[in-house]
Amino acid sequence: MPKQFAGFLKVNFEDVIPSYWNYFTVLRSTSLTYTQAHGFTNTTGRYIPGAATVYRWDRYYNFITQYRELEKAFVALPDAEKADSRIYTIASTIYLYDHTQKMIDNYGDIPFSEAGKISMTGGDYTKAIAKYDSQTEIYAKMLDDLKGFSTELNTITLSTKTGVEFKNQDLINKGNLVMWKNYCNSLRLRILNRVSGVSSLASRANTEIAEIIAEGKIVDENAENIAFKVYTQDTDLDTSGFFDALETSNNNVAPKPMIDHMNANLDPREQWLFEKGVNATTYVGLDPSLTSGAQDQLLTDGKIAIYNRSVISRNDWLPGTLVNAAEMNLLLAEYYSRNGNGATAKIHFEKAIRQSIEYYVRLGDKADDLTWKPTSEPTAAEIDAYILKINFAGATTAAAQLQLIAFQKYIHFNIMQADEAWAEQRRLKLPALTFMEDETSSVRKTPPTRWTYPSSESVYNTANYNTVKANDNLSTKIFWDVK
């Protein structure tokens, strides 16, 4: 169980720790573009996901197959050992659900309950073909299970032997049960907030978010952040390749909406997230309304800002973000605003900004290449001035408050939490970004609302694929996308 658990966590580490595979082959042509987390040129076919959907699909099902092997190992244990090994089931399922939510948010209905079980059928492929599960039903199951895990983690105890083994094999929280509890509840908060606009789930969302808040066991401070950390440069669990992924083909270009906001409001994060263009005296983001030729010229002339190389792309110690405090406090700000409590929403909103600033400043602490690292940290006065400039108190309606919250999500997520950024922008329709239509495309002229399934599904899982075929296009919305 311990080694199978570690293998399960490791098999998809490149989906979490910044890597060439995830950023170059998946995110650069999908989520990063659809959210304007980076600047991109208006080339033909830019809104069509392409092979990225295949890469992410294949990796997820390799990942869930490893989870099934963990399930097999647990079932094979003597009954006397199962209670002591229960922590592996709980922790692995929390981690599985984190990534399963991302899959649903990208594709909609997916094979889940029957997926990854080929070894359980003795290698009989025909018996291992998996049906598609309803996205709403998977969401409900995740919420049910996570709520149960949260309760169970209050009382679970580990034997000395299991405690040592779990700590040694836990690549995320190093055996810390409090952190697993916080991770569990923070994931619940994220999922509940995602479905808060769905009529059939709105009441549950409000009730359970209130319960989570009352218990107070979530990631609330940066010291509690959950991440897949890089502890050494001597293994493959590192950011190797992230440099090439981000700096090749202008994938690190700064987006205009984010830069414009930072310039206008003196955002203390700007110099930690970005560098000025090599031939520019100010920060300039790439304008998405320009023709590709005009954009290319600005890039060639060195006028456009890029993501900070010391803090981001050449930082060998960059962690893989799973849950962090700024994200959670922005979710809480949205919850309180939605329920008419603007004063408490303001507290969480401003706390999130302070945490986001601290988060990106601290990313630079272990930077190997200091060439572009800022020489001084933001002062308290600068941070206070920025928060005052944003003026959450001046937003007197929930709609106005949501605009401010959504833009802070846009800044905080940037390229570091691309999946969450795309999901939240589709759900909220905020920030209201402008995209030039791709008039050359007969498939999709604007960013899609979901990814399409890989062609392998229609070829090898034909009968099951046919049950979802009608929705397999770039225009079908995910069930929580109701605005």
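A residue is called buried when its relative accessible area is under 20%, exposed when over 50%, and partly exposed in between, using a 1.4 Å probe and protein chains only. By that yardstick Ile415, at 0% relative accessibility, counts as buried. This is a predicted model, in which local features need pLDDT of at least 70 and side-chain atom pairs count only at pLDDT 80 or more, while totals for chains, interfaces and linings use all residues. Residues are numbered from 1 along each chain as its sequence is written, and side-chain values use heavy atoms, leaving out hydrogens and water.

**The whole protein**

Let's step back for a moment. The protein has 22 helices and 6 strands; these are DSSP runs numbered from the N terminus, with helices being H or I of at least four residues and strands E of at least two. Its radius of gyration is 22 Å, close to the 23 Å that the globule rule gives for 483 residues, so the protein is as compact as a globular protein of that length. That radius is taken over C-alpha atoms, and the rule is 2.2 Å times the number of residues to the power 0.38. Along the principal axes, the C-alpha atoms fill a box of roughly 70 × 50 × 50 Å. Buried residues make up 56% of the 483.

**Two residues to look up**

Here contact means heavy atoms within 4.5 Å, and neighbours up to four places away in sequence are left aside.

| Residue | Place | Relative accessible area | Contacts |
|---|---|---|---|
| His348 | helix α17 (residues 342-363) | 15% | Asn329, Leu332, Ala333, Tyr336 |
| Ile415 | loop between α19 (398-413) and α20 (418-428) | 0% | Tyr23, Leu32, Ala37, His38, Leu246, Tyr307, Ile312 |

Between the C-alpha atoms of Ile415 and Asn173, which are 242 residues apart along the chain, the separation is 23 Å.

**A helix pair**

Now for α9 (residues 177-194) and α16 (residues 325-338), which pack at an angle of about 45° with their axes 10 Å apart. Axes are lines fitted to C-alpha atoms, for helices over the stretch in contact, and angles run from 0 to 180 degrees between N-to-C directions. The two helices are therefore oblique to each other, since angles under 35 degrees count as roughly parallel, over 145 as roughly antiparallel, 65 to 115 as roughly perpendicular and the rest as oblique. On the α9 side, Ser186, Leu189, Arg190 and Asn193 take part, meeting Glu327, Met328, Leu331, Leu332, Glu334 and Arg338 of α16.
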